[in-house]
Amino acid sequence: MNNPYPFSRLVFVLGVLLFPLWLGAQSTISQSVRAFALDPELAGAAISIDVVDVATGQRVAAHQPEMACIPASTQKLLTTAAAMDILGPDHRFETKLFITGDVVDGELRGDLYIVGGGDPSLGSPFLKGVPGLEAILERWRSAVQRAGITRINGRVIGDGSYWNTDATPGDWPYSDIGNYYGAGAYGLSIHENLYFLDFLQRSRVGSQPPIQQTRPQVPGLHLINELRSGPRGSGDQAYVYGSAYNYQNYVRGTIPVGSKRFTIKGAIPDPPLFTAQALCRKLEAVGIDVALPAESHRTLGGGRYLEGREIDVYESPELSVLVDRTNLRSLNLYAEALLREVNKSRGLEDHELGSGKVLKDWLAGQGLNPGPINVEDGSGLGTRNFFPAEFMTAFLRTQVDNDRWRASIPLAGRTGSMRGFLKGTAAEGRLSAKSGSLNSARAYAGYARRKDGRELAFAIMVNNYTIEGKSLRNKMMVLMRELCSGRL
């Protein structure tokens with residue numbers, strides 16, 4: 001069949017061919033956006049782009065700005081801003097140690113409870129200034145000894161009842177939730193709810209790399225190794241398949257051939273129970289006998305701490321520091337913890353703590369229309385979150401004076417996930433962008449400060465693409481560079 005629109009097709013083809021020339025000839029931002037949207041490698045993809053002047057609200061460039069797309073981790077911008085406003089930048093989570101019963105001649109005639117308060121950073125192996133797992137266990141061991149306890153005739157109990165047991169949202173993919181980035185948010189979390197899983201690389205493609213160890217040890221965890229060796233340089237293509245409270249996990253995919261240790265990260269199946277078990281081992285290592293096995297409030301049938309004597313209170317860093325880690329490193333656990341804490345502060349029932357209801361109400365309070373958005377979690381890992389690019393830019397305009405929150409957004413060539421990108425370009429130090437990436441969904445959103453002093457808010461969202469993710473990311477980097485250097 002003959003093309004009934006030969007001229008429009010010619011314009012399309014010329015536009016694609018001239019894409020690099022426009023960018024090299026000081027193109028306008030509108031031309032750059034159009035060239036991106038017409039890229040033949042993105043044919044069939046759903047693309048929503050919006051670029052607005054922060055001060056005036058005037059639209060500078062756009063492509064289908066009203067089309068709703070999956071935002072992936074750019075959704076963390078909404079969650080963190082709401083948490084900063086509702087909870088306050090100085091808010092801290094507390095984790096408490098309690099004993100029930102009396103201490104008689106060094107014997108605790110009762111139980112030792114670790115009562116979580118939702119802190120996602122407790123025992124973090126990465127966050128500076130936070131005592132790691134061993135340090136926090138030492139702190140608790142010291143508190144027990146200061147209380148005069150030399151033997152416990154009951155149990156050590158990890159109480160995560162601060163939130164419900166539904167730690168991972170229902171629409172998170174099964175291929176994600178056994179891995180560190182899919183670790184759920186529990187009332188008692190520790191070590192960012194992850195373990196390191198070490199493999200010994202093999203030299204032959206297709207051979208099986210053996211498991212060396214997990215760090216830390218996770219009692220009861222049974223890993224079924226179906227991993228294979230991929231080509232050299234193929235990177236980490238390994239996934240842990242598991243779920244909350246499930247101790248039989250499968251490891252599938254590939255890691256590259258080699259001769260060294262190769263490490264991936266999995267999700268601890270039951271962090272409250274793991275915490276109790278770890279403290280039991282720590283106490284017994286210094287001669288404090290614990291008569292009964294470690295438990296969690298869940299394994300005890302939902303029984304939670306009621307009353308006793310407080311022997312230690314640990315406070316998390318202030319909320320603004322946790323927001324930094326959430327956005328700079330795009331940590332799903334932290335975003336989910338912030339959402340649950342926001343919902344709890346507004347009096348939602350346990351079964352609603354993972355919902356987006358309060359977040360949508362807060363967005364409406366900012367003068368935004370929440371009608372075209374759907375929010376199912378705090379992190380953006382779910383596949384049923386969606387909103388259009390123009391909603392994101394409208395939101396970004398409401399937060400333009402929120403300097404402390406804006407400091408948490410990765411800065412091109414300088415910080416976080418943007419540290420290694422756009423160095424030596426007009427965007428370095430001028431463009432702040434939160435990235436988002438899921439299967440066939442990639443997005444960036446943030447602010448671009450131009451040399452003339454004007455500031456732009458932008459959102460670039462691409463769903464259902466078929467090209468390699470790295471190639472799409474590079475195209476998006478070129479477009480973001482143009483936001484700082486292209487003509488208006």
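**Exercises on burial and charge pairs**

Lys282 has 15% relative accessibility, so it counts as buried. Buried means under 20% relative accessible area, exposed means over 50%, and partly exposed lies in between (1.4 Å probe, protein chains only). The model is predicted: local features need pLDDT of at least 70, side-chain atom pairs need pLDDT 80 or more, and totals for chains, interfaces and linings use all residues. Residues are numbered from 1 along each chain as its sequence is written, and side-chain values use heavy atoms, without hydrogens and water.

**Exercise 1. Which side chain meets Lys282 in a salt bridge?**

Step 1. Apply the cut-off: a side-chain nitrogen of Lys or Arg within 4 Å of a carboxyl oxygen of Asp or Glu.
Step 2. The partner is Glu134, at 2.9 Å, N to O.
Step 3. Place both ends. Glu134 sits in helix α4 (residues 133-146) and Lys282 in helix α6 (residues 271-285), so the pair ties together parts 148 residues apart in sequence. Helices (H or I, at least four residues) and strands (E, at least two) are DSSP runs, numbered from the N terminus.
Step 4. Check the cover. Glu134 is partly exposed, at 48% relative accessibility.

**Exercise 2. Locate the salt bridge between Glu390 and Arg59 in the fold.**

Step 1. Start with the total: the whole structure holds 28 salt bridges.
Step 2. Take the N to O distance for Glu390 and Arg59: 3.2 Å.
Step 3. Glu390 belongs to helix α10 (residues 389-398) and Arg59 to strand β2 (residues 59-63), so this pair ties together parts 331 residues apart in sequence.
Step 4. Glu390 is partly exposed at 32% relative accessibility. Arg59 is partly exposed at 42%.

**Exercise 3. Trace the network that contains Asp289 and Arg151.**

Step 1. The side chains of Asp289 and Arg151 form a salt bridge at 3.5 Å, N to O.
Step 2. Asp289 lies in strand β17 (residues 289-290) and Arg151 in strand β8 (residues 151-152), which makes the pair a link between distant parts of the chain, 138 residues apart.
Step 3. Extend through shared partners: Glu107, Arg109, Arg151 and Asp289 join into one network.
Step 4. Look beyond β17. Pro293 lies in the loop between β17 and β18 (295-296). Pro293 is exposed, at 56% relative accessibility. Its C-alpha is 6.2 Å from that of Arg155, though 138 residues separate the two in sequence.

**Exercise 4. Decide how far helix α7 is enclosed, and by what.**

Step 1. Take the burial count. In α7 (residues 319-328), 9 of the 10 residues are buried, so the helix is largely enclosed by the rest of the structure.
Step 2. Name some of them: Leu319, Leu322, Asp324 and Arg325 are among the buried residues.
Step 3. Find the neighbours. The buried residues pack against α3 (76-87), α8 (332-345), α11 and β21. Contact means heavy atoms within 4.5 Å.
Step 4. Read on past the helix. Ser330 follows α7 and has a positive phi, near 55°.

**Exercise 5. Place Arg419 and the positive patch it helps to form.**

Step 1. Arg419 is in the loop between α11 (403-406) and β21 (431-438).
Step 2. Arg419 is partly exposed at 44% relative accessibility.
Step 3. Lys128, Arg329, Arg419 and Lys423 form the positive surface patch. Patch residues have over 30% relative accessible area and no salt bridge; like charges are joined within 9 Å, and nonpolar side chains (Val, Leu, Ile, Met, Phe, Trp, Tyr) within 5 Å.

Conventions. Accessible areas come from the Shrake-Rupley method with a 1.4 Å probe; for residues, only the protein chains shown count as cover. Lys and Arg count as positive and Asp and Glu as negative; His and the chain ends are not counted. The place of a charge is taken as NZ of Lys, CZ of Arg, CG of Asp or CD of Glu.
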